[in-house]
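Let's take a walk through a protein model together, looking at how its strands line up and what sits in its interior. Keep the 3D view open as you read.

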Amino acid sequence: MNSIFKPKLFTVLKGYDAQAFQRDLFAGIIVGIVALPLAIAFAVASGVSPEKGLITAIIAGFTISLLGGSRVQIGGPTGAFIVIVYGIVEQYGIDGLMISTFLAGIFLIIFGLLRLGSVLKFIPHPLIVGFTSGIALVIFSTQIKAAFGLQIDKVPSEFLAKWSCYFTNLSSLNIYSIAISGGTILLTVFAGKWIKKIPGSFIAIILMTALVQIFDVPVNTIETVYGSIPNSFHFSLPAIDWTNVPNYFQPAITIAILGAIESLLSAVVADGMIGGNHRSNTELIAQGIANIFSPIFGGIPATGAIARTATNVKNGGRTPVAGIIHAFTLLLIMLVFGKWAKLIPMSCLAGILIVVSYNMSEWRSFRSILKGSRFDIIVLLTTFFLTVLVDLTVAIEIGIVLASLIFMYRMSKINGVFQPELETDEIQTYSQIPKEIEIYEISGPFFFAAAKRYQELLGDLKSSTSVLIVRMRHVPFMDNTGVRNFTEIIKDLERRKTKVILSGVNADVLKELRNSQIQHLINEEHIFDNFDDAVKRAQTLI
């Protein structure tokens with residue numbers, strides 16, 4: 001248990017000094033300000049009252065930083081949960097959401113104790129892009145009513161029916177709501193060009209709320225829809241109907257899987273920014289504990305937030321202390337200024353969420369995958385359309401099964417030329433080759449389940465390596481996850497001033513590489529059919 005659950009906070013506090021605290025203090029305050037409008041907006045979009053988003057950011061954010069396995073992870077409510085939370089509230093009510101979130105917390109702890117952190121890294125990239133882009137489109141579609149000020153009592157939950165309802169009620173649009181949501185989008189996107197340290201979304205909320213109150217603009221606000229926002233929270237337990245508990249397992253598992261994927265993705269991104277190495281199983285356990293505490297204090301599901309984590313790093317945060325300060329900043333804002341949050345226009349929150357949905361859409365990755373293998377395209381589009389038109393739970397389940405079936409099909413087409421073994425990759429040393437040249441041979445398909453392992457091995461290269469030759473004679477194919485991870489490897493090696501040469505690349509793999517960013521990172525002169533030519537080229541580069 002001790003080796004599994006070892007929070008980063010207790011590791012990094014050794015040698016912690018006043019200068020480090022000053023950096024964390026500044027970063028934590030900035031991230032707290034960034035998190036304020038997002039926490040409120042995510043709660044409202046999820047179909048719950050605004051304070052639940054703030055409570056989640058405070059309770060879960062504090063817990064994840066205190067007990068998590070990442071140095072800089074910032075936890076709280078995220079856009080990824082909007083679709084699933086909204087669906088649970090619609091079907092089971094607030095009590096059902098609390099029970100589902102609590103159960104999800106237990107599942108996450110079990111994931112961590114079973115050391116499934118590394119297993120979850122095997123989720124194929126097209127599947128992640130598919131459901132993330134689908135969620136982004138659904139979030140965008142839920143904000144049209146508020147952004148346009150449409151007078152609709154009940155918006156249908158189904159995607160196509162929702163848009164039909166919008167078009168039917170276009171005559172009721174409110175020009176003031178459109179102006180506020182449009183202004184919010186512009187401020188959120190462009191204010192950072194002139195005011196670096198204060199997030200555009202925070203500026204938009206202050207400015208738009210002030211304008212609405214000063215000029216008595218006729219638009220809906222949080223108060224007109226939800227009433228006042230409490231400036232306190234308390235411990236409470238849901239009313240449990242034990243006969244319905246089995247119904248909560250499916251949404252709970254969806255919350256747990258989605259939360260695990262999002263948090264570990266965020267931790268990996270953070271590792272790349274600070275050159276760190278998170279503890280995935282510790283992170284899952286911390287996420288689980290956070291999702292147990294969040295609902296009993298009135299919150300909703302939480303996970304690692306990539307954008308807020310990146311903001312933390314960019315502003316100098318380097319330890320979990322910054323995340324703890326972020327939680328206390330939000331608590332202070334809620335206690336002191338919460339009573340004025342009720343004045344925020346709903347169209348302003350809609351504008352913020354429209355920007356969030358655009359940032360979530362991953363349209364560049366989506367477009368890149370559409371240029372690649374037809375198998376990756378099938379997984380991408382299937383997951384995307386199932387998320388939008390059916391249900392996120394169904395999309396993830398079918399996406400994972402489909403990716404596995406496609407992999408088995410592709411392996412069957414190798415016709416015995418190569419017997420894949422995920423453990424056969426090895427770093428070979430050659431006495432006749434200069435020590436500045438490192439040789440690494442990849443054996444087996446460079447696909448989603450092996451890509452992370454290859455990335456970790458290549459990341460451990462000696463700093464003295466000037467040239468890396470990657471032998472790929474036994475790589476029958478690469479999928480999008482493999483190409484993506486390989487691209488990140490090449491970028492990292494370029495930053496370390498290590499030149500990369502490829503040897504023995506077959507036609508199918510070469511086609512996948514040419515469709516990716518790798519063609520901008522490795523010159524055609526550094527790709528060879530045979531190993532001897534690759535070595536000769538390497539010797540000219542040292």
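## Strands and cores

In strand β4, I437 stands opposite V467, a residue of β5. Keep in mind as you explore that this is a predicted model.

That facing pair belongs to a longer match: β4 (residues 437-443) and β5 (residues 467-474) run in the parallel sense and share six bridges. On its other pairing, β5 meets β6 (residues 499-503), also in the parallel sense, with five bridges. Here R471 has S503 in β6 as its bridge partner.

| Strand pair | Sense | Bridges |
|---|---|---|
| β4 and β5 | parallel | six bridges |
| β5 and β6 | parallel | five bridges |

How is β5 linked into a unit with β6? Together with helix α20 (residues 480-495), the two strands make a right-handed β-α-β unit.

Now look at how covered the strands are. In β4, seven of its seven residues are buried. One side of β4 carries I437, I439, E441 and S443, the other carries E438, Y440 and I442, and all of them are buried. For β5, six of its eight residues are buried.

Next, the interior. The largest nonpolar core has 89 residues, and I40, F131, I135, I344 and L349 have the most contacts inside it. Helix α4 (residues 82-113) supplies the largest share of this core, 13 residues. Which residues does L349 touch, leaving aside neighbours within four places in sequence? They are P37, I40, A41, V44, I205, I222 and I344. There is also a second, separate core of 22 residues, including L457, I489, V505 and L513.

Terms used. Residues numbered from 1 in each chain as written. Predicted model: local features only at pLDDT ≥ 70, side-chain atom pairs only at ≥ 80, totals over all residues. Heavy atoms only, no water. Buried < 20%, exposed > 50% of the residue type's maximum accessible area, 1.4 Å probe, protein only. Helix = DSSP H or I, 4+ residues; strand = E, 2+ residues; numbered from the N terminus. Pairing = 2+ DSSP bridges. Core = buried A, V, L, I, M, F, W, Y, C linked by side-chain atoms within 4.5 Å. Contact = heavy atoms within 4.5 Å. Right-handed = clockwise from strand over helix to strand, strands pointing away.
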